Amino acid sequence: MARIQEYVHVFPDLVEPATACYTMAAIAGLVLMYLLRKGEPRIYLVDFSCYQPPKSCRLPTSMFLEKVLLDGTDPESAAFQIKILEKSGFSEETSIPPSLTCLPIKKSLQFALEEVKAVMFGAVSDLFNKHNINPREIDVLISNSSLFCPTPSLSTLIINKFGMRSNIRSFHLSGMGCSAGLIAVGLAKDLLRVHENSLALIVSTEGLHLNWYTGKVRSMLLTNCLFRIGGAAVLMSSRNQDKGRAKYELQHLVRTNNAQDDRSHACVFQDIDPENKQGISISKDILHVAGDALKANIGALGPLVLPLSEQFRYGVSILSRKVWSGRRKIHVPDFKKAFEHFCIHAGGRAVIQGIEKNLELRKEDVEASKMALYRYGNTSSSSIWYELSYIEAKGKMKKGNRVWQIGFGSGFKCNSAVWKCVSDVGAESTNVWREIIHSYPMEVPN
């Protein structure tokens, strides 16, 4: 029970002072940013598509319990997983790969490849068909999957499937955890600015089949309860001709990596248990580590996005706290004045609730994140795209709106992307939420 309780705690205070010269540093940062960006090509998000798992892959709680018991899991481990699942904020609609619905579970490279191919090819095909894109138009291809990295790489599988050009610049990112999607956005941004007038395709997913854990170590059993199948394909551009059809323009991308800290580095770790079974160990320190990473990330992002009035109030509160020896409360910057929408990585209910509490967000600000977690579970690096799809399906995204995407990942990393909507966005026929959006938001049991 002690371990379970650790996962329902919220983050510690996220707004400790970073420097007494906050406002001056903010102004200097804005000036420097303007000078550096002047003349650079604009980076657009043309569109994106999320994978919709078939209904036959659903994993309701009753099936999960039947699965773990019939697969030989001991009763204590089964009870622990059910307890975690009950507190996860998941619905009965989350899905796993077809290979994991069979008993007994037989792990194989073939099943793992079938899983990632179905997700990646499905999302990319939907995106290409939506915009009538010739695959040979793609200049840059970036795939990411943290735990499944076969040879040839996942990016090569995509090139082969869609017949892309031989001179395409292709990359695969592995081991980056759930924040890899935004790392891929950062890499695409840099490449699109170097190679102007280009198109970049990002494909984000995670392979679950080979990483289903069958041992008894509780920190490793958590992955069975938290992760579900999903993926997204994202089309970015530095071509002027795409401005008219693009949905968003990239404003900022801020990355934080706390791997120099031992506790952060060991927070999420692939390891072998005493029975020689491989799994991913998630430390009970994860919420505190994630809070520290988010705090540092916000410290870098705040000066770029917050109004000067908010920065001034924050700076004054820091000085007052110093003068009064810590007896004054530090002002929490109001990020609702910087963003209309928030896409917080759906890593778990406690992650979302922690950010909601410490940034003083409203229920509607975290609705997309909670509903994505409820309907699809933790889909790793693609979760932020299911959330953005939810906002679009609700008809809430308007031209000029700003959205903040936040991703967390092993290492420990926290990454932020800020997009500005450049056209009115509605619920398209290919949106994964379109047929069910009328039922949301739903009340999630505690």
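Among contacts in the protein between residues at least 6 apart in sequence, what percentage join residues at least 24 apart? The share is 81%, where a contact means heavy atoms within 4.5 Å.

This is a predicted model, in which local features need pLDDT of at least 70 and side-chain atom pairs count only at pLDDT 80 or more, while totals for chains, interfaces and linings use all residues. Residues are numbered from 1 along each chain as its sequence is written, and side-chain values use heavy atoms, with hydrogens and water left out.

**The whole chain**

Begin with the full C-alpha trace, which spans about 60 × 55 × 45 Å along its principal axes. The radius of gyration is 22 Å, in agreement with the value near 22 Å for a compact globule of 446 residues; this quantity is taken over C-alpha atoms, and the globule rule is 2.2 Å times the number of residues to the power 0.38. Colouring by secondary structure shows 14 helices and 11 strands; these are DSSP runs (H or I, at least four residues, for helices; E, at least two, for strands), numbered from the N terminus.

Next, colour by accessibility. Buried residues make up 56% of the 446 residues; buried means under 20% relative accessible area, exposed over 50%, and partly exposed in between, with a 1.4 Å probe and protein chains only.

**Helix α7**

Select residues 180–194, which form helix α7. Its end C-alpha atoms are 21 Å apart, which agrees with the 21 Å expected for 15 residues at 1.5 Å a residue; the expected span is 1.5 Å times one less than the number of residues. The helix is mostly covered, with 11 of its 15 residues buried. Among them are Gly181, Ile183, Val185, Lys189 and Leu192.

**Two asparagines**

Continue to Asn197, in the loop between α7 and β4 (199–205). Asn197 has a positive phi of about 60° although it is not a glycine, and is partly exposed at a relative accessible area of 49%.

Then select Asn132, in the loop between α5 and β2 (140–144). Its phi is also positive, about 50°. With 69% relative accessibility, Asn132 counts as exposed.

**Two cis peptide bonds**

Display the backbone of Leu103 and Pro104, which are joined by a cis peptide bond with omega about -5°. Pro104 is found in the loop between α4 (75–86) and α5 (109–131).

Finish at Tyr440 and Pro441, where a cis peptide bond has omega of about 5°. Pro441 belongs to the segment after β11 (413–421). As background to these last stops, most residues other than glycine have a negative phi, and most peptide bonds are trans.
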